[in-house]
Amino acid sequence: MKRSLWEKSGRYLLPVYFVGVLLYLLLPLLLVIPMSISETRYLKFPPQGFTLRWYEEFFASAGWIDATLRSLLIAAASAALATAIGTAAALALSRENSKAARAAGPVFLGPQVVPVIILALGTLLVFSRFGLYGSLWGVVLVHAVLALPFVTTTVSGALRQTGDTLARAARVLGAKPHEAFWHVTLPTIRPAVISAGVFAFFISFDELVIALFVMGQNETLPMRIWADMRHDLTPVVAAVATLLIVVTFVAVFMSDLIQRRAQRRAG
């Protein structure tokens, strides 16, 4: 009797819990988007009136546009670097069964485990020593290191699922290692590589702490948002956040679409 009562209550509690978590995650979005079209000069909910002034102010501001373009450049470069290195590392780890390979696996998860404030402090000390403070490409390298665990984990999972049977067959038929990778292995793991690249892009694009430590006057978009929230707190911040939400949803949707198409072709 007790078991049946627990099972019946669980059937209702699980959907309620799911809806509660979903609302908790979506609530900030439901608040930010309306505030971006409010006529007031400060963030207020519920919004008063309707205006697109804050979007116009964002696109008309050289400071906001420069910070956005700088963030896009850093994120694109770091995502490309992290995807290339992470894919190569995942490929090497999947083919090696030695103790050294098993020991090297957790090393790639280090940037994900170490607190970001510790990484930021260490980065500041290194950059100050070698004259890289405020360097754009120095931050690209650090952001690539931050994204490396996600790329390695994602691509390693895809390699475990696909196996290396086709690549071995290509090698037996005379293909060189790079040819087997380019024409056999890469097409099978391409959806995972693309998804890993998308995650790496947004990891860099949203990163704030390390940028605050080492970028100086070269503001990224998160730095600009942080500065505006500390001093002005105008609805421009909400407008920028809304644009980022839209871009993120589009990128995630496209990544999922690519994965689904690849699964249908494989099936």
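Let's begin at Leu257, which sits in helix α12. Is Leu257 buried or partly exposed? With a relative accessible area of 25%, Leu257 comes out as partly exposed, because the cut-off for buried is under 20%. Now look for Pro191: it is 66 residues away from Leu257 along the chain, yet the two C-alpha atoms are separated by 9.5 Å. Please keep in mind throughout that this is a predicted model.

Let me step back to the whole chain for a moment. There are 267 residues, and 33% of them are buried. How many helices and how many strands does the protein chain have? The count is 12 helices and 0 strands, so if you read along the sequence you meet α-α-α-α-α-α-α-α-α-α-α-α. Take the contacts with a separation of 6 or more: 70% of those are between residues 24 or more positions apart.

Some of you will want to know what the database says. The unreviewed UniProt entry lists residues 12–37, 72–93, 105–130, 136–159, 192–216 and 236–258 under "transmembrane region". Two of those spans are worth finding on the screen. Residues 72–93 are 100% helix and 0% strand in the model, and the C-alpha atoms at the ends of that span lie 31 Å apart. Residues 192–216 are 80% helix and 0% strand, with 35 Å between the end C-alpha atoms.

Now, the inside. The largest nonpolar core holds 31 residues, and the ones with the most contacts within it are Trp64, Val155, Ile189 and Val240. Which helices supply at least two residues each to this core? They are α2 (53–60), α3 (62–95), α7 (136–162), α9 (177–205), α11 (221–231) and α12 (236–266). Of these, α9 gives the most, with 9 residues. The core also reaches across domains, drawing at least three residues from domain 1 (66–95 + 111–233) and at least three from domain 2 (236–266).

Pick out Val240 as an example. Setting aside neighbours within four places in sequence, Val240 is in contact with Phe58, Trp64, Leu221 and Ile225. Apart from this core there is another one, of 13 residues, and Ile74, Ile210, Met215 and Met223 are among them.

Ala211 is a good stop here, in helix α10 (residues 209–214). Ala211 counts as buried, because its relative accessibility is 0%. Once neighbours within four places are left out, the residues touching Ala211 are Gly216, Thr220 and Met223. Val142 is 69 residues from Ala211 in sequence, and 9.7 Å from it in space, C-alpha to C-alpha.

Next, a pair of helices. When two helices pack, we describe them by the angle between their axes and the distance between the axes. At what angle do the axes of α3 and α11 cross? Roughly 145 degrees, and the axes come within 7 Å. On the α3 side, the contact is made by Gly63, Trp64, Ala67, Thr68 and Ser71, and on the α11 side by Leu221, Pro222, Arg224, Ile225 and Asp228. By type, the residues of this contact are 5 nonpolar, 3 polar and 2 charged.

Staying with α11, its buried residues include Leu221, Pro222, Met223, Ile225 and Asp228. After α11 comes Leu233, which has a positive phi, near 55 degrees.

Back in α3, we find Thr87. Thr87 counts as buried because its relative accessible area is 8%. What does Thr87 touch, not counting residues up to four places away in sequence? The answer is Ala82, Val151, Val155, Phe181, Ile189 and Val193. You have already met Val155 and Ile189 as two of the residues with the most contacts inside the largest core.

My last residue is Phe202, in helix α9. Phe202 has a relative accessible area of 14%, so it is buried. Leaving out neighbours within four places, Phe202 is in contact with Val247, Thr248 and Ala251. The C-alpha atoms of Phe202 and Ala79 are 8.4 Å apart, although their positions lie 123 residues apart along the chain.

How values were computed:
Residues numbered from 1 in each chain as written. Predicted model: local features only at pLDDT ≥ 70, side-chain atom pairs only at ≥ 80, totals over all residues. Heavy atoms only, no water. Core = buried A, V, L, I, M, F, W, Y, C linked by side-chain atoms within 4.5 Å. Buried < 20%, exposed > 50% of the residue type's maximum accessible area, 1.4 Å probe, protein only. Helix = DSSP H or I, 4+ residues; strand = E, 2+ residues; numbered from the N terminus. Domains from an automatic or database assignment. Contact = heavy atoms within 4.5 Å. UniProt positions renumbered as here; feature names shortened; annotations may be inferred. Axes fitted to C-alpha atoms, helices over the stretch in contact; angles between N-to-C directions. Nonpolar A, V, L, I, M, F, W, Y, C, P; charged D, E, K, R; others polar.
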